[in-house]
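Visitor: I'd like to learn how to read a fold from its coordinates. Could you walk me through one?

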Amino acid sequence: MSCLVGRFVRLIQALAIGMITAHNFHTGFKGLFFALSQLLPLIQQGQRMSRPLHRGVSGGLRLSGSNNDLWDSQMKDRTEKEDLDRRGSDQSIASAKFPYLLHLSDNSTTKNGINENGFASDSLISGTPRSRHKLAMLLLKFSLISIVILALTGSFWWTISISASSRGHIFHGYRRLQEQLVVDLWDIGELSLGSSRLKELEFCPEEFEHHVPCFNVSDNIALGYTDGNEYDRFCGHGSRENCLVLPPVKYKIPLRWPTGKDVIWFANVKYDPQERMPSTVTRRMMMLEEEQIAFRSDSPTFDGIEDYSHQIAEMIGLRNESSFIHIGVRTILDIGCGFGSFGAHLSSSQLLTMCVANYEASRSQVQLTSERGLPAMIGSFTSKQLPYPSLSFDMVHCAWCGIDWAQKDGIYLNEVDRLLKPGGYFVWTSQENKVQRVTRTKEKQKITGNFVQSFAENLCWKILSTQEGTIIWKKTSKRNCYSSRKSSSGPSICSKSQDVETPYYRPLQACIGGTQSHRWIPIEDRTTWPSRANLNKNELALFGLHPEEFAEDTDNWQVMVRNYWSLLSPLIFSDHPKRPGDEDPSPPYNMLRNVLDMNANFGGFNAALLGARKSVWVMNVVPTNGPNYLPLIMDRGFVGVLHDWCEAFPTYPRTYDLVHAAGLLSLESVQQRRCTTLDLFTEIDRILRPEGWVIIRDTAPLIESARTTITRLKWDARVVEVESNSDERLLICQKPFFKRQSK
């Protein structure tokens, strides 16, 4: 109730300032009586009172509940009686040295119990006689009326006393207070609707365990989609389900990196038992041992990943794959990556390989790769342009990827060319390169290998080497190569309307894209990794940024990452035995591996994590309704994607260990939304692993509103006040490990 009273006082302040700036007393009184009509029915229902939001001591944090609290997921299997006894114990305080204040507000149950709305009920009210209850309510109403009268009197006196010149100075503060007011009125309205709005979400049926919205191959085929379009994504209004996806019965938390790169739990992925050992070549690549899948260096297509990678390096003219960095190769797009073995091997050489493959109901390449802690996302290479900017990758790799590059007059090769940076490499390994196989079509016959080589030449690609079924091309570094071609040879140059720098699932283009981009810089002319992460003055100027602005963003994120890690320490080790005065131990550097940044901006969060030597990879997402700095992110040597957060993210459930969102709620709140905040958080819950973390940074009103929504997801949450910026808050959440009962 104290939260509501505080919001009501802010409402009165906003009305008073509004009278000053707008000279509209009638509107102010009308808004006041509207707020009273929303607040008084809530006061009359004592059982709907919310708990107060306390603050900790400056420079530290305070945690509510016992030492165990709700942060240990193993406590989820306790009985209700033991849970109530535990929560009735004395509160403890864990301190950490970082510039935050932690609010004593969470979604845990207190000793007074939880009512149907998820808020704590007051035992003093519920246990008193009716007469005392009525008396208490009368006193409360009288107190509120007195507060209103005093506040209005003071506000009117202040209105008369200030000069006209002072009104302009308070206008900015009034606008900010207006934003706060809108959120407060929305929260009051939601609370007044009762338990129907705050009801916890149900768990999804079992068939949703590996479900990915927007991808349904069987339905697409039934609707007549063929020729590769059946694998495309179709996100309609009925593609989203607001329920909580439970993991499989025998699901286990993935092993930490780097162990998890080579060993995963069999129950964590959908792998049909009848497909465990479909052939001898699969036995060479992976070994199934009871509950685990152990990945080897062998693969179905070549004797070993290490030998294959070494072969590619030698064909380019390098000593081994560790030299890729020295010729400007950092990011690689692996089409149809199998089980991610190519990227897993190259990760030790500081190479970042993004796996892209079609949606698969079972034995999914993307699911197996991401479960190993490697970058992966669902994407159909045969229907639409991928949501990456032009000139994004240093190398594109296809080993038995299942794409017929001769189809549709080479339009797939146009997309490869668009994605490759100038001077980048295309590596193609296929049986067609060993034996020329004739492909019959209704129109004509084509020899696949010869067609690809001829088309690549028209794309200004230079063939470097051919060896044992592998062909490597190098894209031209000179833009004038395209104009020097014969007028009748090869695809034309895309016009400005066709050459969109960052397409969002646009149809494939039968022209050469990226040639008009101001980012046309050959990879050999760029600084090598890791220096590439810090763009120089000329590169920043391409995006309208100054070095000082970029450096300030970098410094801010370095501080934030240190604070995030300090913040997680007392939460992770709340049960860690220690003597008074001892600091909490730091979380292990490899406690996280797969990280999603929902609003990446310049990629500063990614850079700060790597600078702090955290063993993570980050999927940098740039929302479609915000500033597009995805080309800058890709130029820094990171990976990312363009995405509309009103649609499901193209990945399988339980992909990420940490989901981070800074300023996303503010960005989404100013748009004409097609979805709700609940839709957004439900999608986060789907792609977040059990016991995974969520860090949301935004304005205080939006964080308070988000915390109300999170109660429906059964997450454990804390609100943290950022001292350096009083307008911002952090919402730190952890997803519990709920288990489905075995049949």
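**Cores, crossings and odd torsions**

Guide: Let's start inside: the largest nonpolar core has 100 residues, and Phe324, Leu333, Tyr388, Trp405, Phe426, Leu596 and Met619 touch the most other members. A nonpolar core here is a set of buried Ala, Val, Leu, Ile, Met, Phe, Trp, Tyr and Cys residues joined through side-chain atoms within 4.5 Å. Buried means under 20% relative accessible area, exposed over 50%, and partly exposed in between, using a 1.4 Å probe and protein chains only. Apart from that core lies another, of 24 residues, among them Val561, Leu568, Leu609 and Val616.

Visitor: What should I know about the model itself?

Guide: It is a predicted model, where local features need pLDDT of at least 70 and side-chain atom pairs count only at pLDDT 80 or more, while totals for chains, interfaces and linings use all residues. Residues are numbered from 1 along each chain as its sequence is written, and side-chain values use heavy atoms, with hydrogens and water left out.

Visitor: How many helices and strands are in the chain?

Guide: There are 23 helices and 20 strands. These are DSSP runs numbered from the N terminus: helices are H or I with at least four residues, strands are E with at least two. Of the 743 residues in the chain, 55% are buried. Contact means heavy atoms within 4.5 Å, and among contacts with a separation of 6 or more, 72% join residues 24 or more positions apart.

Visitor: Which residues is Tyr388 in contact with, leaving aside its neighbours within four places in sequence?

Guide: The list includes Leu333, Met354, Val356, Met377, Phe393, Arg418, Glu501, Pro503, Gly640 and Val641. Take Gly640 from that list: this residue is in strand 16 (residues 639-643), and it is buried, with a relative accessible area of 1%. Beyond four places in sequence, Gly640 is in contact with Tyr388, Met619, Asn620, Leu630 and Met634. Its C-alpha is 9.5 Å from that of Pro389, although the two are 251 residues apart in sequence.

Visitor: Where else could I look at a pair separated along the chain?

Guide: Try Met315, in helix 12 (residues 305-316). Met315 is buried, at 7% relative accessible area. Met315 and Gln467 are 152 residues apart along the chain, with their C-alpha atoms separated by 7.8 Å. Setting aside neighbours within four places, Met315 is in contact with Leu464, Ser465, Thr466, Gln467, Thr470 and Ile472.

Visitor: At what angle do helix 18 and helix 19 pack?

Guide: First, the conventions. Axes are lines fitted to C-alpha atoms, for helices over the stretch in contact, and angles run from 0 to 180 degrees between N-to-C directions. Under 35 degrees counts as roughly parallel, over 145 as roughly antiparallel, 65 to 115 as roughly perpendicular, and the rest as oblique. Here helix 18 (residues 547-572) and helix 19 (residues 604-611) pack at about 60°, with axes 8 Å apart. The pair is therefore oblique. Asp553, Trp557, Gln558, Val561, Tyr564 and Trp565 of helix 18 make the contact with Gly604, Phe605, Ala608 and Leu609 of helix 19.

Visitor: Which residues of helix 16 are buried?

Guide: A general idea helps: an α-helix has 3.6 residues a turn, so residues three or four places apart point the same way. In helix 16 (residues 448-458), the buried residues are Thr448, Gly449, Val452, Phe455, Ala456 and Asn458. In helix 23 (residues 700-710), 11 of the 11 residues are buried, so this helix is largely enclosed by the rest of the structure.

Visitor: And the backbone torsions?

Guide: Most residues other than glycine have a negative phi, and most peptide bonds are trans. Trp400, not a glycine, has a positive phi of about 55°. Trp400 sits in the loop between strand 8 (393-399) and helix 15 (411-419), and at 47% relative accessibility it is partly exposed. Asn601 also has a positive phi, near 55°, and is partly exposed at 33%. Just after helix 16, Cys460 takes a positive phi of about 65°.

Visitor: Which bonds are cis?

Guide: One is the peptide bond from Trp257 to Pro258, with omega near 5°. Pro258 is in the loop between helix 9 (217-222) and helix 10 (259-262). Another cis bond joins Trp529 and Pro530, with omega about 10°. Pro530 lies in the loop between strand 13 (470-475) and helix 17 (537-541).
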